[in-house]
Amino acid sequence: MVLSIYRYWMFSIFTFYCLTLNAQKLPNIQPNSLWASADIKVDGKATVWNNQFQAYNTVTQVFYTLCNDNDNLYLILQASDAIVIRNKIMKGGVTFVIQKGSKKTDKNAISITYPVFEKGAYPKLYLNSKWDNLPSAVPADKYNDTAMLLNNHNLAAIAKTIQVSGIADVDTIISIYNNENIRAFGSFDIKRNYICKISISLLHLGLSAQDTKPFLYHILLNGGTSKYAPRQVVIAGAINSDGSRMPQSQTDKVNMLLSNLNDTYLTTDFWGKYTLAKRP
């Protein structure tokens, strides 16, 4: 058990280090407005702007871009860390909040959460070959292609709803194939990155492309079952495989690792400010 937890955290640290190197030149919060590309689609792909994002948020460990056109506001978000994807996004979804007031405490906010699953109905994902093994019949040189196809197949089969709040006359749970001008879709790429796109009509936000006043936005990666009342598991006295009592120093290390593991399920979030871009 101790060895498994140790490997889990060593992999997590390595992944975070690689992400940090890739993201070190990006700001933590997107500083500028951006006009949406003419070919932007809510399709779960980050190919717009050649996979270049406007910011990398270190708290949530996601790359993201906010942009708009005359009709819609778009969020494109990418998560690369397997723990973030599995323990947060797939357990509680990504929530995109647009705060129409000027203060974080204002209650007239609109939020969109995706993906949304029924309790316990989470997709089977292959995020890293060390932890999720594909069938042995899959050739090594086809692992990434097969993992991507299976991940997207398993995700698409059950990621069919969006949770909405704050919009009059729109249900709290709607289909991804809705007529409300609210779109959300996610998928995995060949590197097992998860890309999520969300769009919402400016009309729902009470905004016009001509507006010049900035508004607040809030992005949350919702934790899993322990996100509201995290329960700390503490080992008081562990027994080794040979029946001997585990030394207290080793027990303390296990408790520390369990505490860190529990934290991976907690909700992380950040705030930003955005002003609608004007057509170039």
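These legends walk you through close-up views of a predicted model.

**View 1. Meet the open sheet of 5 strands.** Following the sheet across, you pass β1, β2, β3, β9 and β8 in that order, with antiparallel pairing. At the edges stand β1 (55-57) and β8 (182-188); each has a single partner strand, so one side of each is left without a neighbour in the sheet. From one strand to the next, the twist averages 20 degrees.

**View 2. Zoom in on β2 and β3.** Here strand β2 (residues 62-68) runs antiparallel to strand β3 (residues 72-79), and 7 bridges join the two. To find one of these pairs, look for Y64, whose bridge partner in β3 is L77.

**View 3. A helix joins the picture.** Helix α3 (residues 143-158) packs on this sheet, where it touches β8 and β9 (194-201). The direction of α3 makes about 145 degrees with that of β8.

**View 4. Now for the open sheet of 6 strands.** Its order is β7-β6-β5-β4-β10-β11, and the pairing is antiparallel. Because β7 (173-175) and β11 (268-274) are at the edges with a single partner strand each, one side of each is left without a neighbour in the sheet. The twist in this sheet averages 20 degrees from one strand to the next.

**View 5. Inside that sheet, β4 meets β10.** Strand β4 (residues 94-99) and strand β10 (residues 215-221) run antiparallel, joined by 6 bridges. V94 has L221 as its bridge partner in β10.

**View 6. Helix α2 against the sheet.** Helix α2 (residues 82-92) packs here, touching β4, β5 (109-114), β10 and β11. Its direction makes about 115 degrees with that of β10.

Note on methods
Residues numbered from 1 in each chain as written. Predicted model: local features only at pLDDT ≥ 70, side-chain atom pairs only at ≥ 80, totals over all residues. Heavy atoms only, no water. Pairing = 2+ DSSP bridges. Helix = DSSP H or I, 4+ residues; strand = E, 2+ residues; numbered from the N terminus. Axes fitted to C-alpha atoms, helices over the stretch in contact; angles between N-to-C directions. Contact = heavy atoms within 4.5 Å.
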